[in-house]
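What follows is a walk through one protein chain, from its charged pairs to its overall form and its core. Please keep the sequence and the structure at hand while reading.

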Amino acid sequence: PEITGELFRQFLDAAPDVLLEVDELGRIILANPEAARMFQRPMEELLGLPVEELIPERFRSTHLGHRGAYSKHPTRRPMGRDINLMALRKDGSEFAVDINLSPLKGTGHVLCVIRDVSERREADAKIQTLNQNLERRSGELASANTELSIRNREVERANRLKSEFLASMSHELRTPLHTIIGFAELLAEELQGPLNDKQKRFVGHIHKDSLHLLELINDILDLSKIESGRLSLRPEAFDFQTLVQ
């Protein structure tokens with residue numbers, strides 16, 4: 001069907017995005033109702049307004065340069081491909097936008113399609129923050145794992161040195177203990193002369209406590225061998241019934 005003025009107006013009214021036609025001087029000459037709603041300005045105020053009035057003041061001088069460069073080489077393209085664009089409402093509040101430009105041939109005018117992307121930018125920012133937090137936590141966990149690994153190696157080394165020390169100490173202590181036990185047994189046999197009751201009691205204490213100390217040292221030696229993985233097992237047959245009794 002033929003696109004009449006009324007049909008074109010219906011298109012403008014139904015458009016979900018802002019539609020602006022800007023002339024070669026940067027003035028708005030056409031706007032749809034979504035533009036009035038988004039920028040909080042009545043239609044009669046938008047028409048004839050310099051487009052820079054819809055941009056935060058800190059960006060206006062830069063935008064004038066961009067608009068001049070675009071007018072020399074007008075093409076259909078998105079504006080601000082690598083930057084975050086901001087627009088300005090009448091109440092002074094700013095919001096993030098995406099802008100697409102299309103030159104209207106033979107007029108020097110530009111059609112601007114503007115979309116509010118504040119929610120998307122906020123979501124992107126949250127995702128970026130979450131990713132940064134995840135990267136930071138991953139780095140912390142990696143550092144903690146490295147530190148834990150180092151500490152585990154230090155603990156293993158300390159345990160190995162302890163076991164080696166206990167094994168060496170136990171071996172060194174058993175030799176003199178065997179000598180003490182042997183001489184205590186010789187004294188108890190009275191081969192070098194009789195002992196009185198008090199002497200026999202003293203020799204008995206020496207022999208008994210030496211045997212007890214030898215048992216403790218043997219136990220320590222066995223534990224150190226178990227920890228160091230050097231314990232040798234010697235399976236032997238035994239009477240289970242006697243053991244239980």
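A salt bridge here is a side-chain nitrogen of Lys or Arg within 4 Å of a carboxyl oxygen of Asp or Glu. The model is a predicted one. By that criterion R89 and D116 form a salt bridge through their side chains, with 3.9 Å from N to O. R89 sits in the loop between β4 (85-88) and β5 (94-104), while D116 belongs to strand β6 (residues 109-116), so this pair ties together parts that are 27 residues apart in sequence. R89 is buried, because its relative accessible area of 19% falls under the 20% limit. D116, at 34%, is partly exposed.

Side chains of opposite charge can pair when their charged atoms come close. How many such bridges does a search of the whole structure find? The search gives 13 salt bridges. Another of them joins D98 and R120, whose closest N and O atoms are 2.8 Å apart. This pair links distant parts of the chain, with D98 in strand β5 and R120 in helix α5 (residues 118-188), 22 residues apart. D98 is partly exposed at a relative accessibility of 27%, and R120 is partly exposed at 42%.

A further bridge is made by K200 and E190, with the closest N and O atoms 3.8 Å apart. K200 lies in helix α6 and E190 in the loop between α5 and α6, and the two are 10 residues apart. K200 has a relative accessible area of 41% and is partly exposed; E190, with 28%, is also classed as partly exposed. Elsewhere, R41, E45 and K90 are joined into one network by salt bridges that share partners.

Next to consider is R121, another residue of helix α5. Is R121 buried or partly exposed? R121 has a relative accessible area of 17% and is buried. Setting aside neighbours within four places in sequence, R121 is in contact with N84, L85, M86, A96, V97 and D98. D98 in that list is the residue that forms a salt bridge with R120.

These elements can now be placed in the whole. The protein has 7 helices and 6 strands. Starting at the N terminus, their order is α-β-β-α-α-α-β-β-β-β-α-α-α. The radius of gyration is 47 Å, well over the 18 Å that the globule rule gives for 245 residues, so the protein is more spread out than a compact globule. Along the principal axes, the C-alpha atoms fill a box of roughly 140 × 45 × 35 Å. Of the 245 residues, 24% count as buried. The accessible surface comes to about 17,900 Å², and carbon and sulfur atoms account for 57% of that surface. Among contacts with a separation of 6 or more, 45% are between residues 24 or more positions apart.

In soluble globular proteins, nonpolar side chains tend to be buried together. The largest nonpolar core in this model has 23 residues, and the members that touch the most others are L20, I28, F39, L46 and I114. At least two residues of this core come from each of β1 (18-22), β2 (28-31), α2 (33-39), β4, β5 and β6.

Two of these core residues can be followed through their contacts. Leaving out residues up to four places away in sequence, L20 touches I28, L30, A31, A35, L54, V110, L111, C112 and I114. L46 is found in helix α3 (residues 43-46) and is buried, with a relative accessibility of 0%. With the same sequence neighbours left out, L46 touches I28, A31, A35, A36, R41 and L54. R41 in that list is a member of the salt-bridge network with E45 and K90. The C-alpha atoms of L46 and I29 are separated by 8.2 Å, with their positions 17 residues apart along the chain.

Nonpolar side chains also appear at the surface. L223, I226, L231 and L233 form a nonpolar patch there, with about 420 Å² of accessible area together. One of the four, I226, is found in helix α6 (residues 197-228), the helix that also holds K200.

Terms used: Residues are numbered from 1 along each chain as its sequence is written. This is a predicted model: local features need pLDDT of at least 70, side-chain atom pairs count only at pLDDT 80 or more; totals for chains, interfaces and linings use all residues. Side-chain values use heavy atoms; hydrogens and water are left out. Patches are made of residues with over 30% relative accessible area and no salt bridge: like charges are joined within 9 Å, nonpolar side chains (Val, Leu, Ile, Met, Phe, Trp, Tyr) within 5 Å. Accessible areas come from the Shrake-Rupley method with a 1.4 Å probe; for residues, only the protein chains shown count as cover. Buried means under 20% relative accessible area, exposed over 50%, partly exposed in between (1.4 Å probe, protein chains only). Contact means heavy atoms within 4.5 Å. The radius of gyration is taken over C-alpha atoms; the globule rule is 2.2 Å times the number of residues to the power 0.38. A nonpolar core is a set of buried Ala, Val, Leu, Ile, Met, Phe, Trp, Tyr and Cys residues joined through side-chain atoms within 4.5 Å.
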